[in-house]
Amino acid sequence: MLRIRNGRVMNPATQMDERTDVWIKDGRIVAYGDGEGLETPFQEIDAAGCIVAPGLVDVHVHFRDPGFTYKEDLETGSAAAAAGGFTTVVCMANTKPVVDSPEILLDILKRSEALPIHVKQVSAVSKNFEGKEMVDFAEMVNQGACGFSDDGIPLTDAGFIKKAMEMAAETGLPISLHEEDPSLNEVNGINKGKVSEEMGIGGAPAISEDVMVARDIMLALETGAKVDIQHISSGRAVDLVRFAKKMGAKVYAEVTPHHCVLTEDDVKEHGTLCKMNPPVRTEWDRAKIIEGLVDGTIDMIATDHAPHSAEEKAREFTKAPSGIIGLETSLALCITNLVKRGYLTLMELLTKMTINPARLYQFDCGDISVGKPADVVIFDPEQLVRVEKFASKAVNSPFLGAELYGKIRYTICDGHIVYRG
């Protein structure tokens, strides 16, 4: 029996917000309050001054395992997630080999059973990410895939993606899409605009994202598929998703913390540590993203945690890989830049980081009602923390050295303390 005392319990699934104790037994939430009639707890956590909330859920991470474990692996990725308050994450399929067969999927899921948090795995949409031959959707679901994505590679053939959406709709699971038209990009990782012009390297314009989102929201409407627009970065794409929702399409959108915080101007300061795909864009795009978060157009905040080695990021800009790590700074970045600045309430933020992503994937998490799994994060939203080190293997973050509000005190998964901060 574990008792969490004196905390402010916030559960977006039920809109619960009160100071009370939480009782945990056998991996489940068993009671709130004084615990009358319950046995004496063998362990207590004093959560005075802290928020007690569902463990965070991230529907978009890259743990690089198998194939690129010099960047990250299942163990270090899970440690980074736990340090960031996450108890459930969804890994993308761009490993080596690609997760396009039951054998590769089952290997990852089997090894994930020993991890301290819940690590879920999507299947690729196409064999070897080539956009030509579809995986066996039904078989991959039977073997434990939680959804489908070729994230990292856009699916440019409209007929192919329409068929893939139809197959995904039959399974009832989401299909998550990396939205860009490569024929419109000059250099990935930086917005085509004033900064790319100053650097003389071209760039990736917002229209590259917009045309793909426009196509796919209409295909979603046509097929009835549950479609997740990944790492949205364009203000016009936000408007398109809003339109799709009004039309009745089952379209969802996720945004990264860094797209809420950074703009193309930050590339001049951070260089390749600010190179990501899709790129951070203009202040107008950032404002539109925040508008989409506020009005509910953007359903989820997801990190797109993308580890790379220091040597890779040290290359010249056009040759360095895109992506930054994000699990360990996600909550604090959002508290500092979205809650403290009055864009979202803490309850609204937690909704986008717990119950909304859980519901999209039909996970039994993101809710700490009595009887639910004891996946819990305890954090102090008022404590200022300097980002100085990471549990991840990687350090490719423009936020190293930043001072942010929000200290993770404990992460609890299935009733077990998996992180103490």
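**Exercise 1. A cis proline**

In which loop is Pro 66 found? Work out its place in this predicted model, then look at the peptide bond that leads into it.

*Solution.* Begin with the flanking elements: Pro 66 sits in the loop between β6 (56-61) and α1 (74-83). Next, turn to the bond from Asp 65 to Pro 66, which is cis, with omega near 15 degrees.

**Exercise 2. Two more loop residues**

Describe the backbone at Pro 278 and at Phe 129, and place each residue.

*Solution.* Take Pro 278 to start with. The peptide bond that joins Asn 277 to Pro 278 is cis, and omega is near 5 degrees. Pro 278 belongs to the loop between α9 (266-270) and α10 (283-295). Now move to Phe 129, where phi is near 60 degrees, a positive value in a residue other than glycine. Phe 129 is located in the loop between β8 (118-121) and α3 (137-142).

**Exercise 3. How two helices pack**

Classify the packing of α6 (residues 206-223) and α7 (residues 235-247), and describe the contact.

*Solution.* Start from the geometry: the helices pack at an angle of about 10 degrees, and their axes are 9 Å apart. Angles under 35 degrees count as roughly parallel, so α6 is roughly parallel to α7. Then list who touches whom. On the α6 side the contact includes Ile 207, Val 213, Ile 217 and Leu 221, and on the α7 side Leu 240, Val 241, Phe 243 and Met 247 are among the residues involved. Finally, sort the contact residues by character: 13 are nonpolar, none is polar and three are charged.

**Exercise 4. A patch on the surface**

Which residues form a nonpolar patch on the surface, and which elements give two or more residues to it?

*Solution.* The patch is formed by Met 218, Leu 221, Phe 243 and Met 247, with about 350 Å² of accessible area together. Tracing these back to their elements, α6 and α7 each give two or more residues; Met 247, for one, lies in α7.

**Exercise 5. A salt bridge along a helix**

How many salt bridges does a search of the whole structure find, and how are Lys 162 and Glu 166 placed in helix α4?

*Solution.* The search finds 28 salt bridges. One is formed by Lys 162 with Glu 166, whose closest N and O atoms are 2.7 Å apart. These two residues are four apart in α4 (residues 158-171), so about one helical turn separates them.

Technical notes: Residues are numbered from 1 along each chain as its sequence is written. This is a predicted model: local features need pLDDT of at least 70, side-chain atom pairs count only at pLDDT 80 or more; totals for chains, interfaces and linings use all residues. Side-chain values use heavy atoms; hydrogens and water are left out. Axes are lines fitted to C-alpha atoms, for helices over the stretch in contact, and angles run from 0 to 180 degrees between N-to-C directions. Angles under 35 degrees count as roughly parallel, over 145 as roughly antiparallel, 65 to 115 as roughly perpendicular and the rest as oblique. Contact means heavy atoms within 4.5 Å. Ala, Val, Leu, Ile, Met, Phe, Trp, Tyr, Cys and Pro count as nonpolar, Asp, Glu, Lys and Arg as charged, and the others, Gly among them, as polar. Patches are made of residues with over 30% relative accessible area and no salt bridge: like charges are joined within 9 Å, nonpolar side chains (Val, Leu, Ile, Met, Phe, Trp, Tyr) within 5 Å. Accessible areas come from the Shrake-Rupley method with a 1.4 Å probe; for residues, only the protein chains shown count as cover. A salt bridge is a side-chain nitrogen of Lys or Arg within 4 Å of a carboxyl oxygen of Asp or Glu.
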